[in-house]
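Subject: Structure handover

Hello,

Here is the structure we talked about, with my notes below it. Please open it alongside the text.

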Amino acid sequence: MTTRSTVVDYPSKRLVVALPQTYDEARERYESLVPEVDFARFSEMASWQATLELAEINAPHGFMRSYRSDITAAMSGSPSFWKTTQYLMGNHTIAERMFRHDPSVMLHAPLRTVLYVDPDGDTRLAVDQPSLLFDSYDKPEIAAVGRELDGLLAGLITSLGGDTPPQLGTVRKAS
């Protein structure tokens, strides 16, 4: 048994994307494009193939929501006035293709996203660039899935009406 600890430094880019809708409209649109995952239904699947097929149906844009926190409500009564919702979005069938190589990838899967109103009243979506997070695991199989997630995120941003940051590239599928 090894008792050696490691520290991994890695670059990160926070992508902050302007969205054309009001906060409430953007939140409704985001939640329709990234539906809530039905963990109970997934646990009933008879095989991994059935799970993959259900994920294709339930995640039409590649992602499902596993968590939502209304930060606005949580901060009610405080001097902080921001309209903000935090999400965890991902797809466990995609994450599995990284998890099989290193279980610690689950530190970054699902992805954390934040929808909020900035000081000028504009709606923003903030997310860390997936490929940079997953490149830090120093395994080409994991990095390839991270690049695929960049492409899926680009597609989601486009569907939300935002301008896709060029860092995300285009949709690619890793094996």
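Which residues in helix 5 are buried? They are Thr93, Ile94, Ala95, Arg97 and Met98. The cover over these buried residues includes helix 3, helix 6 and helix 7.

Before the rest, a word on confidence. This is a predicted model. The average pLDDT over the chain is 94, and 96% of the residues score at least 70. The exception to flag is residues 171–175, where the pLDDT is below 50. That stretch still has 10 contacts in the model beyond near neighbours in sequence. Where pLDDT is low, the predicted coordinates should not be read in detail.

Helix 3 against helix 5

Helix 3 covers residues 48–58. Its axis and that of helix 5 come within 9 Å and cross at roughly 130°. Angles of 65 to 115 degrees count as roughly perpendicular and those over 145 as roughly antiparallel, so helix 3 and helix 5 are oblique to each other. On the helix 3 side, the residues that meet helix 5 are Trp48, Thr51, Leu52 and Ala55. Their partners in helix 5 are His92, Thr93 and Glu96. By class, this contact has 3 nonpolar, 3 polar and 1 charged residues.

The cores

The largest nonpolar core has 34 residues. Those with the most contacts inside it are Tyr30, Phe63, Met89, Phe134, Leu149, Leu153 and Leu156. Several elements give two or more residues to this core. Among them are strand 1 (14–19), helix 1 (23–33), strand 3 (84–90) and helix 5 (92–99). Strand 4 (111–117), strand 5 (123–128), helix 6 (130–135) and helix 7 also belong to that list. Helix 7 gives the most, with 8 residues.

Leu149 shows how this looks at one position. Leaving aside neighbours within four places in sequence, Leu149 is in contact with Phe63, Ile94, Met98, Pro130 and Phe134. Of these partners, Ile94 and Met98 are among the buried residues of helix 5.

There is also a second, separate core of 6 residues. It includes Val37, Phe42, Leu54 and Ala55. Ala55 is also one of the helix 3 residues that meet helix 5.

A buried aspartate

Is Asp150 buried or exposed? Asp150 is buried, because its relative accessible area is 2% and the cut-off is under 20%. Asp150 is found in helix 7, which runs over residues 140–159. Beyond four places in sequence, its contacts are Gln129, Pro130, Ser131, Gln167 and Leu168. Pro130 is also in contact with Leu149.

The loop between helix 6 and helix 7

Two residues here deserve a look. Asp138 sits in this loop. Asp138 has a positive phi of about 55°, although it is not a glycine. At 70% relative accessibility, Asp138 counts as exposed.

Lys139 is in the loop between helix 6 and helix 7 as well. Lys139 counts as partly exposed, at 29% relative accessibility. Apart from neighbours within four places in sequence, Lys139 is in contact with His101 and Asp102. For a sense of distance, Lys139 and Glu36 are 103 residues apart in sequence and 30 Å apart in space, C-alpha to C-alpha.

A backbone check

One peptide bond to keep in mind: Ala109 to Pro110 is cis, with omega near 5°. Pro110 lies in the loop between helix 5 and strand 4.

Best wishes

Terms used: Residues numbered from 1 in each chain as written. Predicted model: local features only at pLDDT ≥ 70, side-chain atom pairs only at ≥ 80, totals over all residues. Heavy atoms only, no water. Helix = DSSP H or I, 4+ residues; strand = E, 2+ residues; numbered from the N terminus. Buried < 20%, exposed > 50% of the residue type's maximum accessible area, 1.4 Å probe, protein only. Contact = heavy atoms within 4.5 Å. Core = buried A, V, L, I, M, F, W, Y, C linked by side-chain atoms within 4.5 Å. pLDDT = per-residue confidence, 0-100. Axes fitted to C-alpha atoms, helices over the stretch in contact; angles between N-to-C directions. Parallel < 35°, antiparallel > 145°, perpendicular 65-115°, else oblique. Nonpolar A, V, L, I, M, F, W, Y, C, P; charged D, E, K, R; others polar.
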